[in-house]
Amino acid sequence: MPLSSNHNATTIEGMDRLRRDEADSSINKNTSADNMTETERQMRDEELSFYTNSENEHGDDNIWGLLSGVGGNIYEWYDFAIYGLLAPEIGGAFFPKSSKEAQLISSFGVYLAAFIMRPLGAILFGEMGDRVVGRKNALVFSILLITIPSVAMGLLPTYEMWGIAAPILLVLLRMLQGLSVGGQLAGSYVLSIEQSSASSRGFRGSICDASAVGGFLLASAVTTLTRKILTEEQVNDWGWRAPFWFSLVLAPILYKVVHNTEESKLWSERAEQKETEKLIRESEHAEKPAVVDLLSSPFRRRQLAGMVGVLSATASSFYILFLWTPVYLSNLRGHLTEGDADMLNFFVVAIYIFFLIIMGKTSDDFPHRMDLMRIGLPGIIVGCPTMFGMFESESFWGYFFGQAQFAFCLAIVHGPLAAWEVELWMADPTLSFTGVAIGHNLAATLFGGTMPLMATFLFYRSDAWAGDNPDALYPRLIPGLYISLLGCVAWFSLTYLVRHPHDVRTGDIELRKAVELENRKYKEVKKNKKKKRMIEEQLAADPVPHEGDYIPPVV
């Protein structure tokens with residue numbers, strides 16, 4: 001398989017680590033492979049295959065693939081975030097008979113319903129993107145699927161009009177949105193990174209992530225503008241519907257961008273290769289679904305578990321910072337009005353996007369992309385409780401700098417994240433969409449979707465512990481300490497579970513020579529295949545040999 005000495009996804013250190021792991025787990029140094037269980041042998045073979053897989057040679061930094069992912073992310077995440085930012089008003093419209101606390105929790109419960117559908121969306125769109133229609137068309141379907149429920153939510157009658165049917169329909173519409181988002185972000189990641197050169201994956205991936213955050217930014221801007229223009233009574237009555245209708249403005253623009261996008265050449269080549277292999281073997285067996293192939297491999301299961309562990313910290317941090325914090329500062333603590341909290345959130349998101357792109361570009365210059373993530377994780381562990389402590393200053397600058405420092409720490413980890421996720425699965429392009437989608441959305445569901453409910457629950461418990469003492473600081477840190485716990489889980493997963501192609505960029509001379517030998521073998525095989533194809537084309541063009549013609553043997 002081809003390897004390069006500089007920026008190549010096939011490296012040496014991981015193979016070295018693999019051999020050390022095998023040596024450490026053996027009863028003695030001379031234990032033979034025959035003593036390994038079938039699962040251990042399969043894990044070893046799959047890990048070696050992962051490290052020696054050929055590099056993506058089709059990355060050409062296609063701009064339309066990037067724009068398609070960016071536009072789709074902004075559109076879908078705008079529609080998805082609007083609900084969370086308008087949770088207090090929606091809670092009052094669809095759960096009017098509940099207390100204020102119950103309204104907010106019920107509203108966030110509906111928010112969680114959308115996240116429950118995201119893993120199902122990941123399986124559905126993963127199968128479409130890996131095995132059926134390709135990355136581009138899967139993105140188109142996901143965008144279409146979110147448009148209808150978004151507009152319908154802006155037209156949905158309230159509880160006073162339709163009674164219990166109104167919140168039921170609200171839940172169903174949110175579930176359709178979740179199904180769509182389950183495939184969209186992963187699709188934009190995979191399409192953009194597969195079209196990227198090795199030296200620009202972190203940068204292009206960070207732009208995809210920034211566009212998703214940009215959807216939140218746009219949602220925050222529209223929500224803030226709505227609350228500034230309309231009175232509180234108007235927003236509660238009908239004004240909360242207007243931001244949902246705004247999505248109709250974005251749809252035609254996005255269709256034009258996606259229409260100009262090319263399919264991933266890496267996926268097309270691999271899909272065609274697998275189809276050819278199937279015809280040669282005359283296989284009549286139905287191909288397994290992508291999710292079955294993924295979960296049947298012990299190595300891929302470990303990759304998936306490690307990926308979810310790492311994303312537990314980033315998903316929970318993202319949602320507590322950009323979705324729940326405005327609610328905390330306004331509705332729960334009363335430090336700011338809803339409009340001021342949204343305005344502050346707008347500026348923090350803008351700062352976050354700036355650092356996110358810088359960190360994505362920086363990760364391309366690191367010998368190992370995960371090194372930058374290891375630098376940022378301790379910042380998340382410390383930064384979140386620090387943010388809640390700074391909120392107790394009860395000053396605007398305390399609110400601002402508390403969020404800004406945590407946003408910076410999160411950006412360090414999140415900047416390289418999109419490229420990192422795709423590189424975990426790039427060894428097999430007919431499984432990469434599914435791997436990225438399931439891992440990302442499992443983490444988003446378990447730790448992002450539950451975050452508003454968990455944080456609200458922890459707030460009310462900590463508020464009861466603080467009692468009437470206005471100077472009680474430590475109980476206020478409890479939501480932040482929950483993020484710190486998940487940050488520790490992420491660090492463990494990154495260090496001990498996940499394998500990444502950059503693991504093997506350095507190593508001893510003997511292993512480097514072994515990999516170079518494997519490169520030469522691969523190139524020789526590739527050269528022979530090319531010669532064979534040329535001979536077959538020549539024979540096809542002139543099948544009848546003339547007297548004196550020399551026909552070389554087919555190798």
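**Exercise 1. Place I358 and judge its exposure.**

I358 sits in helix α16, which spans residues 338-363. The model is a predicted one. Task: decide whether I358 is buried, partly exposed or exposed.

Solution.
- Step 1. Take the relative accessible area of I358: 35%.
- Step 2. Set the cut-offs: buried is under 20%, and exposed is over 50%.
- Step 3. I358 is therefore partly exposed.
- Step 4. Add a spatial partner. I358 and G415 are 57 residues apart in sequence, yet 7.4 Å separates their C-alpha atoms.

**Exercise 2. Do the same for S192.**

Task: find the helix that holds S192, decide whether S192 is buried or exposed, and list what S192 touches beyond four places away in sequence.

Solution.
- Step 1. S192 belongs to helix α8, residues 165-194.
- Step 2. The relative accessible area of S192 is 0%, so S192 is buried.
- Step 3. Leaving out residues up to four places away, S192 touches L66, R204 and C208.

**Exercise 3. Describe the packing of α8 on α20.**

Task: classify the pair α8 and α20 by angle, then give the handedness of the crossing.

Solution.
- Step 1. α8 packs with helix α20 (residues 429-449) at an angle of about 135 degrees, and the axes are 9 Å apart.
- Step 2. That angle makes α8 oblique to α20.
- Step 3. The α8 and α20 crossing is right-handed.
- Step 4. From α8 the contact draws on V181, G182, G183, L185, A186, G187, Y189, V190 and E194; α20 supplies P429, S432, F433, V436, A437, H440 and N441.
- Step 5. By type, the residues of this α8 and α20 contact are nine nonpolar, six polar and one charged.

**Exercise 4. Describe the packing of α3 on α12.**

Task: state how α3 and α12 run relative to each other, and which residues make the contact.

Solution.
- Step 1. Helix α3 (residues 63-85) and helix α12 (residues 247-259) pack at about 160 degrees, with axes 9 Å apart.
- Step 2. Angles over 145 degrees count as roughly antiparallel. α3 and α12 are therefore roughly antiparallel.
- Step 3. Their crossing, α3 with α12, is left-handed.
- Step 4. α3 contributes W64, L67, S68, G71, G72, Y75, Y78 and D79, while α12 contributes S247, L250, A251, L254, V257 and V258.
- Step 5. The α3 and α12 contact residues split into nine nonpolar, four polar and one charged.

**Exercise 5. Step back to the whole chain.**

Task: give the counts of helices and strands, and the buried share of the residues.

Solution.
- Step 1. The chain has 23 helices and zero strands.
- Step 2. Of its 555 residues, 54% are buried.
- Step 3. Accessible surface totals about 24,400 Å², and carbon and sulfur atoms hold 62% of it.

Terms used. Residues are numbered from 1 along each chain as its sequence is written. This is a predicted model: local features need pLDDT of at least 70, side-chain atom pairs count only at pLDDT 80 or more; totals for chains, interfaces and linings use all residues. Side-chain values use heavy atoms; hydrogens and water are left out. Axes are lines fitted to C-alpha atoms, for helices over the stretch in contact, and angles run from 0 to 180 degrees between N-to-C directions. Helices (H or I, at least four residues) and strands (E, at least two) are DSSP runs, numbered from the N terminus. Angles under 35 degrees count as roughly parallel, over 145 as roughly antiparallel, 65 to 115 as roughly perpendicular and the rest as oblique. A crossing is left-handed if the near helix is turned anticlockwise from the far one by less than a right angle, and right-handed if clockwise. Contact means heavy atoms within 4.5 Å. Ala, Val, Leu, Ile, Met, Phe, Trp, Tyr, Cys and Pro count as nonpolar, Asp, Glu, Lys and Arg as charged, and the others, Gly among them, as polar. Buried means under 20% relative accessible area, exposed over 50%, partly exposed in between (1.4 Å probe, protein chains only). Accessible areas come from the Shrake-Rupley method with a 1.4 Å probe; for residues, only the protein chains shown count as cover.
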